[in-house]
Amino acid sequence: MREYLDFEKPLAELEGKIEELRHLSDPQGMNIAEEVAKLSEKAERLLHTTYAKLTPWQKTQVARHPERPKALAYIEGLMTDFAPLAGDRAFAEDAAIVGGLGRFRGRSVLVLGTEKGTDTETRIEHNFGMARPEGYRKARRLIELAGRFALPILTFVDTAGAFPGIDAEARGQAEAIARSIEASLAAPVPYIAVIIGEGGSGGAIALAAGDKVLMLEHAVYSVISPEGCASILWRDAASAPAAAEAMKLTAEDLLRLALIDAIITEPLGGAHRDPEAAIAAVGKAIEAELGPLLLLAPAELKARRHERILKMTSEVGA
Amino acid sequence: MSWLSQYVRPKIRTLLGRREVPENLWHQCPACQQMIFHRDLEKSLKVCPHCSHHMRATAAERLAWTFDPETSVSIELPKVAHDPLRFRDTKRYAERLREAREKTGLEDALRVAHGTIGGHKAVVAAMEFAFLGGSMGAAVGEGILAAARLAVLQQAALVVFTASGGARMQEGAISLMQMPRTVLGCGLVKDAGLPFIVVLTDPTAGGVTASFAMLGDILIAEPGALIGFAGPRVIEQTVREKLPEGFQRAEYLFAHGVVDRVVPRGQLTATLAQVIGLLTVREAA
Ligand SMILES: [Zn+2]
């Protein structure tokens, strides 16, 4: 059973009807087939129009869709010879951030991702993609490893944010994030980040201060969740749709503000309707960006990366 | 607080105007509720003489307390476009900015000056909490970068006093990008072999803590300051546990190895001078 979002209700009804008809065995089978074809066409049109004009709040829901492909799906789909690596060498392994070595299009790379999990068990295992300091310290360690072996870095970002917990604060959550940003900026190798779902605040930028930042069409990227923003500025979490609108968190907004470099088109109806196609599109986009970066000497690469970040003041969007 | 009026001689009251008198001459400590005479409070650098509570200070006070007398020169910070997203919540961001500017006399939540501390060249950047909670948007990011570049130009130490609720939400992802931008700023200072010292004051949170604030060569916290990434209320709602005593306070961070020192305000300038001296003057005269 597909999970439908609130705004997909008309679509759910239509697709439900189609399913029902398909299971009817009727002497007038020809008519049913015709009806199914007609309704299917209507459903596709509806899907098209619905997804062509998603509001920022609807996109936030799509970005968080439980069936949307998660970081590990991209790693499995795009890497061969994947060798997972773990641990911060100080305290613990944090499965909210997954990482390792692998080959992308035959080339050895380092890959990192914030993993939300796909069912109850794996969601708990990965702490819903919300990392503790150990996760960011592991990321920093692996980023530095990639630098020493001249391996390009690919990151898949999908997180509501860093984990807000007592233990996380006690072990220096802020410092761990800051160091991961610092290591990202200093890496002497190509660094491509893809926002695949939710790019939530400091927990996202910890893995996204790279040479190129790509965003899936329905992904969102913001400084705080719409709910968090609404409860602080509107003093009412129910104003989340208004906050999502105001914060300019869609891929289109961020491209216009020159805070990301490209948008990756999703399959009709969102990545969750055709994960394989979404993963393939991401692979193609990474390949296109990686080629030119591989031609740059480390010093030039870093200089351009820093220039890219330094330009991100409000003049850009004014 | 009618008893207060008995402490203020009627003559002074007419001289200063009715409304200003009690507030300006006497302050109540928010921690122990005791009253403190304004001159005593000035002398104690806004530390309660009864309970040692460190009250919040303005950016201007930070600069005045830190530099050697008559050595400091304020610098004008680069201008950035206001309200890039034309953000509006229950009020327009442009309106909030206008009010904050009126209230503080500042363009944004940061003051930067250069001068000497104990004879050592230093650039000091102080965040202004009274300006929209000291939140970091493009202007603060630009200001931190300007301070870092000035420190490199002058071969001076960079000292930053933080006081911030975190990122400026009204600037959306632009405010998020100030995290890597300011990290690059402190990188410039470090690459130049100059000291970068952060003084964490009450409160320091969110994207400010998780970027330049935690990257100082030396981290000093003021007693009792709330310092963290996530806010205590968010944590309480997430873990549904009572927070431990003193959680996220300077002393708690010290015990957990997050900061080098907890230094009372009265010793702060001397400590800065000492540390900058030890880092930069290798042979004492
Ligand atoms: Zn007191």
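Domain bounds here come from an automatic or database domain assignment. With that noted, I opened my entries on this predicted model.

**Entry 1: chain A, overall**

I looked up the domains of chain A first and found domain 1 at 9-53 and domain 2 at 60-310. Taken over C-alpha atoms, the centres of domain 1 and domain 2 of chain A are 37 Å apart. I then went through the secondary structure, and chain A has 14 helices and eight strands.

Next I checked the overall dimensions. The C-alpha trace of chain A spans about 70 × 50 × 40 Å along its principal axes. For 318 residues, a compact globule would have a radius of gyration near 20 Å, and chain A agrees with its 21 Å. I also noted that 49% of the 318 residues of chain A count as buried. Of the contacts in chain A with a separation of 6 or more, 71% come from residues 24 or more positions apart.

**Entry 2: a stop at A:Ile32**

I picked A:Ile32, which sits in helix α2 (residues 29-52) of chain A. Is A:Ile32 buried or exposed? Neither label fits: A:Ile32 has 16 C-beta neighbours inside 10 Å and therefore counts as partly exposed, since a buried residue needs 20 or more and an exposed one has 12 or fewer. I also took the C-alpha to C-alpha distance from A:Ile32 to A:Arg22, 10 residues apart in sequence, and got 7.7 Å.

**Entry 3: chain B, overall**

I gave chain B the same treatment. Chain B has 12 helices and nine strands. Along the principal axes, its C-alpha atoms fill a box of roughly 60 × 55 × 45 Å. A compact globule of 285 residues would have a radius of gyration near 19 Å, and the 20 Å of chain B agrees with that. In chain B, 46% of the 285 residues count as buried. Among contacts between residues at least 6 apart in sequence, 67% join residues at least 24 apart in chain B.

The domain assignment splits chain B into domain 1 (1-55) and domain 2 (56-280). The C-alpha centres of these two domains of chain B lie 28 Å apart. I looked at where they meet: seven residues of domain 1 of chain B are in contact with nine residues of domain 2 of chain B. On the domain 1 side, the residues divide into three nonpolar, three polar and one charged.

**Entry 4: helix α8 of chain B**

I wanted to know how the length of this helix compares with the rule. At 1.5 Å a residue, the 14 residues of α8(B) (residues 178-191) should span 20 Å, and the end C-alpha atoms are 20 Å apart, which agrees. I then counted cover along the helix, and 10 of the 14 residues of α8(B) are buried. Among them are B:Gln178, B:Met179, B:Pro180 and B:Arg181 towards the start of the numbering, and B:Val189 further on. After α8(B) comes B:Gly193, with a positive phi near 75°.

**Entry 5: the nonpolar core**

Which residues touch the most other members of the largest nonpolar core? In this core of 164 residues, they are A:Val194, A:Ile195, A:Met215, B:Leu158, B:Ala173 and B:Leu200. Helix α6 (residues 138-154) of chain B gives the most to this core, eight residues. In soluble globular proteins, nonpolar side chains tend to be buried together.

I followed up on B:Leu158. Leaving out residues up to four places away in sequence, B:Leu158 touches B:Val123, B:Ala147, B:Ala148, B:Ala151, B:Val189, B:Leu194 and B:Phe196. One of these, B:Val189, is a buried residue of α8(B).

**Entry 6: where chain A meets chain B**

I counted 43 residues of chain A in contact with 46 residues of chain B. Several elements of chain A supply at least two residues each to that side, including α7 (166-170), β7 (220-222) and α14 (298-310). The largest share comes from α8(A), with eight residues. The chain A side divides into 28 nonpolar, 10 polar and five charged residues.

**Entry 7: a last look at B:Asp260**

I found B:Asp260 in the loop between α11 (250-255) and β9 (261-262) of chain B. B:Asp260 is partly exposed, with 16 other C-beta atoms within 10 Å. Apart from neighbours within four places in sequence, B:Asp260 is in contact with B:Ile218, B:Leu219 and B:Ile220. The C-alpha atoms of B:Asp260 and B:Ala173 are separated by 32 Å, with their positions 87 residues apart along the chain.

Methods:
Residues numbered from 1 in each chain as written. Chains lettered and ligands numbered in written order. Predicted model: local features only at pLDDT ≥ 70, side-chain atom pairs only at ≥ 80, totals over all residues. Helix = DSSP H or I, 4+ residues; strand = E, 2+ residues; numbered from the N terminus. Expected span 1.5 Å × (residues − 1). Contact = placed C-beta atoms within 7 Å. Nonpolar A, V, L, I, M, F, W, Y, C, P; charged D, E, K, R; others polar. Core = buried A, V, L, I, M, F, W, Y, C linked by C-beta atoms within 7 Å. Rg over C-alpha atoms; globule rule 2.2 N^0.38 Å.
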